[in-house]
Amino acid sequence: MRAGSDRSRHRLPTTDEIRQFEARLAREPTSQAYAALAEAYRRAGRAAEAVTLCREGLRRHPGYETTRLVLAKALLEAGELPAAPAEI
C-alpha cells in the first residue's frame, strides 16, 4: 500500500467532497452512492445523519452489505451500541 493512499483514507472529507457525494446520490440513488455518502457523513462526525441515510439506503437496497457495515460503525459512533452488532 502506498503511504499517500493510507493518509487519504484517514483524512476527514471536505465539505466539497460531501456535496459531490450528495449530488451523486441525487442523480443516481444506487446502493454504492448511499454507502459512500453515509461513510463521508460518519467520518465527518455526522453519525446520526449517516444512520438515517444508511437506513434509507437499506430500504431501497436491502442486500448491500457495505451499507450495513457503515450503519454498524455509525451506530457505534452515535452511541447506539446495542443496535450495532445486528447489522454485521
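# Notebook: helices, a core and three residues

**Entry 1: α4 and α5.** I started with this pair, and I found that α4 and α5 pack at an angle of about 150°, with their axes 9 Å apart. An angle over 145 degrees counts as roughly antiparallel, so that makes α4 roughly antiparallel to α5. Their crossing is left-handed. I should jot down that I'm working from a predicted model here.

Next I looked up who makes the contact. On the α4 side I listed A47, A50, V51, C54, R55 and L58, and on the α5 side T67, R68, V70, L71, A74, L75 and E77. Sorted by class, the residues of this α4 and α5 contact come out as 9 nonpolar, 1 polar and 3 charged.

**Entry 2: A74.** I picked A74 from that list; its place is in helix α5. Is A74 buried or exposed? Its relative accessibility is 0%, so A74 counts as buried. Buried means under 20%. Skipping residues up to four places away in sequence, I found A74 touching R42, A47, A50 and V51. I also checked a distance: A74 and A48 are 26 residues apart along the chain, and their C-alpha atoms are separated by 7.2 Å.

**Entry 3: R42.** R42 turned up among the contacts of A74, and I went there next. R42 sits in helix α3, which covers residues 31-43. What is its relative accessible area? I got 12% for R42, so this arginine is buried. Leaving aside neighbours within four places in sequence, R42 is in contact with A50, V70, K73, A74 and E77.

**Entry 4: T52.** Back to α4, where T52 lies. This one goes the other way: T52 has a relative accessible area of 52%, so I wrote it down as exposed. The cut-off for exposed is over 50%. From T52 to L75 I noted 9.9 Å, C-alpha to C-alpha, with their positions 23 residues apart in sequence.

**Entry 5: α2 and α3.** I then turned to another pair. Helix α2 (residues 15-27) packs with α3 at an angle of about 155°, and their axes are 9 Å apart. α2 and α3 are therefore roughly antiparallel to each other. I also noted that the crossing of α2 and α3 is left-handed.

Which residues meet here? From α2 I have I18, F21, E22, R24 and L25, and from α3 I have Q32, A33, Y34, A36, L37, A40 and Y41. By class, this contact of α2 with α3 has 9 nonpolar, 1 polar and 2 charged residues.

I followed L37 a bit further. Not counting neighbours within four places in sequence, L37 is in contact with I18, F21, E22, L25 and L53.

**Entry 6: the core.** Last stop, the largest nonpolar core. How many residues does this core have? I read off 18, and the members touching the most others are L25, L37, A38, Y41, L53 and L71. Each of α2, α3, α4 (47-60) and α5 (65-77) supplies at least two residues of this core. The largest share, 6 residues, comes from α3. A background note for myself: in soluble globular proteins, nonpolar side chains tend to be buried together.

**Recap.** I looked at two helix pairs. α4 is roughly antiparallel to α5, and α2 and α3 are roughly antiparallel to each other. For single residues, I have A74 as buried, R42 as buried and T52 as exposed.

Note on methods. Residues are numbered from 1 along each chain as its sequence is written. This is a predicted model: local features need pLDDT of at least 70, side-chain atom pairs count only at pLDDT 80 or more; totals for chains, interfaces and linings use all residues. Side-chain values use heavy atoms; hydrogens and water are left out. Helices (H or I, at least four residues) and strands (E, at least two) are DSSP runs, numbered from the N terminus. Buried means under 20% relative accessible area, exposed over 50%, partly exposed in between (1.4 Å probe, protein chains only). Contact means heavy atoms within 4.5 Å. Axes are lines fitted to C-alpha atoms, for helices over the stretch in contact, and angles run from 0 to 180 degrees between N-to-C directions. Angles under 35 degrees count as roughly parallel, over 145 as roughly antiparallel, 65 to 115 as roughly perpendicular and the rest as oblique. A crossing is left-handed if the near helix is turned anticlockwise from the far one by less than a right angle, and right-handed if clockwise. Ala, Val, Leu, Ile, Met, Phe, Trp, Tyr, Cys and Pro count as nonpolar, Asp, Glu, Lys and Arg as charged, and the others, Gly among them, as polar. A nonpolar core is a set of buried Ala, Val, Leu, Ile, Met, Phe, Trp, Tyr and Cys residues joined through side-chain atoms within 4.5 Å.
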